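New to this one? Take a look at the sequence and the structure below before reading on.

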Protein chains: 2
Amino acid sequence: MLQPPPAEPGMREDEVDTPALLLDLDAFEANLDRMAEMVAATGARLRAHAKTHKSPVIARLQMARGAVGQCVQKVAEAEALAWGGIPDILVTNEVVGARKLARLAALTRIAEIGVCADHPAQVAALEAAAEAAGVRLKVLVEIDVGPGRCGVRPGPEAVALAERIAASRHLRFGGLQAYHGRAQHMRTPEERRVAIAGAVEDTRRTVEQLRQRGLECAIVGGAGTGTFALEAASGVYNELQAGSYCFMDADYARNGEPPPFAHSLFVLTTVMSAPRDGAAAVDAGLKALAVDSGLPLVWGRSAPEAGGVGYVGISDEHGTLRWEAGAAAPALGEKLRLVPGHCDPTVDRYDWYVGVRGGRVECLWPVAARGAMQ
Amino acid sequence: MLQPPPAEPGMREDEVDTPALLLDLDAFEANLDRMAEMVAATGARLRAHAKTHKSPVIARLQMARGAVGQCVQKVAEAEALAWGGIPDILVTNEVVGARKLARLAALTRIAEIGVCADHPAQVAALEAAAEAAGVRLKVLVEIDVGPGRCGVRPGPEAVALAERIAASRHLRFGGLQAYHGRAQHMRTPEERRVAIAGAVEDTRRTVEQLRQRGLECAIVGGAGTGTFALEAASGVYNELQAGSYCFMDADYARNGEPPPFAHSLFVLTTVMSAPRDGAAAVDAGLKALAVDSGLPLVWGRSAPEAGGVGYVGISDEHGTLRWEAGAAAPALGEKLRLVPGHCDPTVDRYDWYVGVRGGRVECLWPVAARGAMQ
């Protein structure tokens with residue numbers, strides 16, 4: 001069941017029902033503008049990753065600033081974007097299973113669609129799905145440039161798979177997918193530089209070997225919010241797939257030399273139990289916040305040891321705030337903004353973005369691909 | 001947007017699209033039966049907690065076996081149950097905010113509704129909402145019996161709040177809410193015994209003091225899947241609020257002397273990238289599984305060190321399986337059942353339960369209160 005929106009346009013922020021997913025529109029738009037400027041200064045294109053925002057509305061705002069399309073991880077996400085009018089979508093992931101492949105092939109009737117493969121069996125399945133649907137599917141070869149998750153080995157293995165794709169009547173070879181996910185959250189700039197230097201070399205070598213076999217890579221894609229400046233400067237990658245930059249989160253903010261973007265995404269929460277003994281309960285817990293990258297921060301307050309308020313404990317529907325004696329204690333019923341530890345899986349819990357500006361609700365946008373796991 | 005069901009009745013389990021929330025109906029029904037038997041042997045009643053299952057269908061199956069009603073944590077959960085025909089619902093939580101209280105009061109027109117309070121300001125707000133709606137609201141006093149999250153102190157503070165409720169023309173005093181959440185996952189039976197013994201004494205004393213002031217507790221509620229036998233045997237608690245027993249999860253299974261229920265809830269996942277070097281990627285990651293209580297287990301396989309397969313790493317849309325040389329490696333496209341680390345927040349990611357029996361899909365049930373955070 002779709003949940004009703006927790007607010008209406010025109011309301012004051014403190015009237016928004018909680019927990020709610022709040023988008024600070026000034027900070028959000030500034031993030032979009034900043035990324036557009038940074039990418040324009042390079043030879044690369046932005047294909048923003050919608051696994052973060054799951055919204056055709058946000059996708060269009062990114063594309064109005066120059067993004068050439070969107071990335072997704074799942075077929076169901078691609079559907080939500082294509083149905084919402086996004087014309088160019090790349091599934092930066094392998095897709096396995098006949099039902100999913102039929103859905104993917106069907107989408108090529110209304111949008112430019114690409115997908116990745118890292119095994120001949122997947123290529124055969126993509127071929128069968130494209131043939132059955134009477135379409136031609138664009139397929140990229142994913143190479144493993146370090147994370148050790150998906151992807152064939154760079155070099156000859158990738159070339160063999162690309163040749164298999166290019167030889168198919170029902171497929172088109174679309175290029176290389178070369179994303180180093182683990183590098184995004186490496187804490188020092190030097191670790192990230194070394195990791196991406198390795199990814200760039202693997203990718204450069206593979207692009208060159210493909211070229212020698214007559215295969216040009218229309219897309220050489222990768223990069224995220226933590227490293228995109230490195231891939232952009234490589235001269236090898238031509239598409240940057242950053243997603244989190246539009247929102248930021250507590251984990252990205254912990255990177256050394258963090259990405260140059262502001263927190264724009266918050267979970268609004270209410271103090272729901274009477275504060276006592278330097279502690280209070282709020283109404284946003286494990287179901288409202290992803291905690292894989294740590295607990296949220298209380299926005300606008302310093303840490304408890306610095307006289308502020310911390311979010312120090314979590315259970316299914318509750319969070320525990322704590323503060324030292326003498327701190328300005330939150331009041332029963334008070335609403336607070338929390339900065340999620342990890343933006344992507346937090347967004348995925350909500351049906352609605354509540355866009356706020358100047359203390360007022362300006363807009364509601366559906367999280368159209370919420371729960372789009374397939 | 002509601003996601004389409006990942007299966008249809010009659011399909012084989014291996015045809016179900018993934019990730020999917022799978023309910024093994026034989027194990028699930030055996031859990032319901034076992035709990036009904038165990039509770040029937042005590043003087044207490046079961047009021048099962050719907051924050052686990054979020055489904056009026058499952059609520060009705062519990063009530064057909066003797067449960068007297070349902071618990072929820074959120075007003076939006078109470079709506080999903082009441083709209084689905086559940087006649088008796090207790091919000092085992094404080095509710096703060098005028099919009100939520102108006103929604104709660106409206107529900108009393110179609111169901112017996114109760115709610116908790118732990119502060120006079122909440123009682124005043126409940127009173128105003130009940131008066132505005134022209135209804136009488138049942139209010140329980142929550143006492144803190146150990147977890148230190150919500151609730152007034154047992155004894156005189158609780159009595160004073162109960163008297164405040166009982167004196168209102170628009171409210172009814174409904175009893176005590178005395179849940180020790182933290183005790184559910186204490187690892188040794190002795191720790192749990194000591195924690196609940198303390199909770200029982202606090203509760204017994206408060207019930208007695210209320211009685212001396214002429215206030216009877218129709219409901220003395222608490223207990224969860226980890227401790228319900230202790231509260232049931234106390235002679236003080238008359239309603240048990242266990243929820244997870246119907247599904248179980250990897251975390252409850254780690255309790256010493258774990259609850260006597262079987263794993264019935266699984267996330268079905270597909271091996272989506274070519275296995276190599278003793279590892280493979282599956283399509284269920286952080287968005288498909290709650291990891292606050294640890295990574296999932298691979299069902300039917302021993303740990304990697306015992307010749308089996310482990311789920312050892314997770315990212316937003318991927319999990320990493322690992323196995324030792326010589327183990328039976330999962331194949332590309334193979335589907336595996338995972339036991340979630342924590343059932344409640346895992347269920348909350350999905351729109352559909354896929355009920356399976358004997359290798360076939362028997363039914364689809366909506367997770368009606370999915371995302372019901374308010």
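Here is a short briefing on domains, cysteines and a surface patch.

This is a predicted model, where local features need pLDDT of at least 70, side-chain atom pairs count only at pLDDT 80 or more, and totals for chains, interfaces and linings use all residues. Residues are numbered from 1 along each chain as its sequence is written, chains are lettered from A in the order in which they are written, and side-chain values use heavy atoms, leaving out hydrogens and water.

**Domains of chain A**
- Chain A splits into domain 1 (13-21 + 261-366) and domain 2 (26-246), with bounds from an automatic or database domain assignment.
- The C-alpha centres of these two domains lie 34 Å apart.
- Their contact (heavy atoms within 4.5 Å) takes 12 residues from domain 1 of chain A and 21 residues from domain 2 of chain A.

**Cysteines**
- The disulfide count is zero over all chains, taking a disulfide as a pair of cysteine sulfur atoms within 2.5 Å.
- Why no bond for Cys71(A)? Its closest cysteine sulfur, in Cys116(A), is 8.8 Å away, too far for a bond.
- Cys71(A) is buried at 0% relative accessibility, and Cys116(A) is buried too, at 1% (buried means under 20% relative accessible area, exposed over 50%, partly exposed in between, with a 1.4 Å probe and protein chains only).

**Surface patch**
- Met1(A), Trp83(B) and Ile110(B) make up a nonpolar surface patch with about 330 Å² of accessible area together.
- Patch residues have over 30% relative accessible area and no salt bridge (a side-chain nitrogen of Lys or Arg within 4 Å of a carboxyl oxygen of Asp or Glu); like charges are joined within 9 Å, and nonpolar side chains (Val, Leu, Ile, Met, Phe, Trp, Tyr) within 5 Å.
- Areas come from the Shrake-Rupley method with a 1.4 Å probe, and for residues only the protein chains shown count as cover.
- Met1(A) is partly exposed, at 34% relative accessible area.
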